[in-house]
Amino acid sequence: MTSRIGRIALILVGVIALIIGGVFAGQGMNLIPGSFMTGSRMWLSIGLVLAVAGIILIVLGLRRPGHGRTNR
């Protein structure tokens, strides 16, 4: 991703996914009470997957484009 707007969008979506994943995982681990998701391993798993996806998006957005690459 070489455009500045595209990279910012990847980072923004990644941060949002990381935060939501953290909340889901926290509720699944019974750390954040008061929801139907509290104490459910399913929401822990969903949260962890979402958080990892967020981290991947952030890394992709922060990576600098390679110099010297040719498009063929």
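Residues are called buried under 20% relative accessible area, exposed over 50%, and partly exposed in between, with a 1.4 Å probe and protein chains only. The structure is a predicted model, in which local features need pLDDT of at least 70, side-chain atom pairs count only at pLDDT 80 or more, and totals for chains, interfaces and linings use all residues. Residues are numbered from 1 along each chain as its sequence is written, and side-chain values use heavy atoms, with hydrogens and water left out.

The protein chain has 2 helices and 0 strands. Helices (H or I, at least four residues) and strands (E, at least two) are DSSP runs, numbered from the N terminus. Of the 72 residues in the protein chain, 24% are buried. The accessible surface of the chain comes to about 5,500 Å². Carbon and sulfur atoms account for 68% of that surface. Accessible areas come from the Shrake-Rupley method with a 1.4 Å probe; for residues, only the protein chains shown count as cover. A contact means heavy atoms within 4.5 Å. Among contacts with a separation of 6 or more, 50% join residues 24 or more positions apart.

Helix α2 has 22 residues. The distance from its first C-alpha to its last is 32 Å, close to the 32 Å expected at 1.5 Å a residue. The expected span of a helix is 1.5 Å times one less than its number of residues. The buried residues of α2 are W43, G47, A51, G54, I58 and G61. Seen down the axis of α2, these buried residues fall within an arc of 90 degrees, so they line one face of the helix. The arc is that of the directions from the helix axis to the C-beta atoms. The face of α2 turned away from the buried side carries R41 and V49, which are exposed. The buried residues of α2 pack against α1.

Helix α1 has 25 residues, which should span 36 Å at 1.5 Å a residue. Its end C-alpha atoms are 36 Å apart, in agreement with that value. Buried positions in α1 are G6, R7, L10, G14, A17, G21, A25, G26, Q27 and G28. Their cover includes α2. Two C-alpha distances relate residues of α1 to partners far along the chain. I19, in α1, is exposed, with a relative accessible area of 53%. The C-alpha atoms of I19 and G47 are separated by 9.3 Å, although the two residues are 28 apart along the chain. V23 is also found in α1. At 35% relative accessibility, V23 is partly exposed. From V23 to L48 the C-alpha distance is 9.7 Å, with their positions 25 residues apart in sequence.

The structure holds 2 aromatic pairs. Rings of Phe, Tyr and Trp (its six-membered ring) pair if their centres lie within 6.5 Å; planes under 30 degrees apart count as stacked, over 60 as edge-to-face and the rest as tilted. The ring centres of F24 and W43 are 5.2 Å apart and their planes stand at 75 degrees, so this pair is edge-to-face. F24 lies in α1 (residues 4-28) and W43 in α2 (residues 41-62), so the pair ties together parts that are 19 residues apart in sequence. F24 is partly exposed, at 22% relative accessibility. W43 is buried, at 17% relative accessible area. W43 also forms an edge-to-face pair with F36, at 6.0 Å centre to centre and 85 degrees between the planes. F36 is exposed, with a relative accessible area of 69%. Ring pairs thus link F24, F36 and W43 into a cluster.

Q27 and N30 were examined next. Q27 is in helix α1 and is buried, with a relative accessible area of 9%. Not counting residues up to four places away in sequence, Q27 touches I32, S35, M37, T38, G39 and S40. N30 comes just after α1, in the loop between α1 and α2. N30 is partly exposed, at 49% relative accessibility. Its phi is positive, about 70 degrees, although N30 is not a glycine. Most residues other than glycine have a negative phi.
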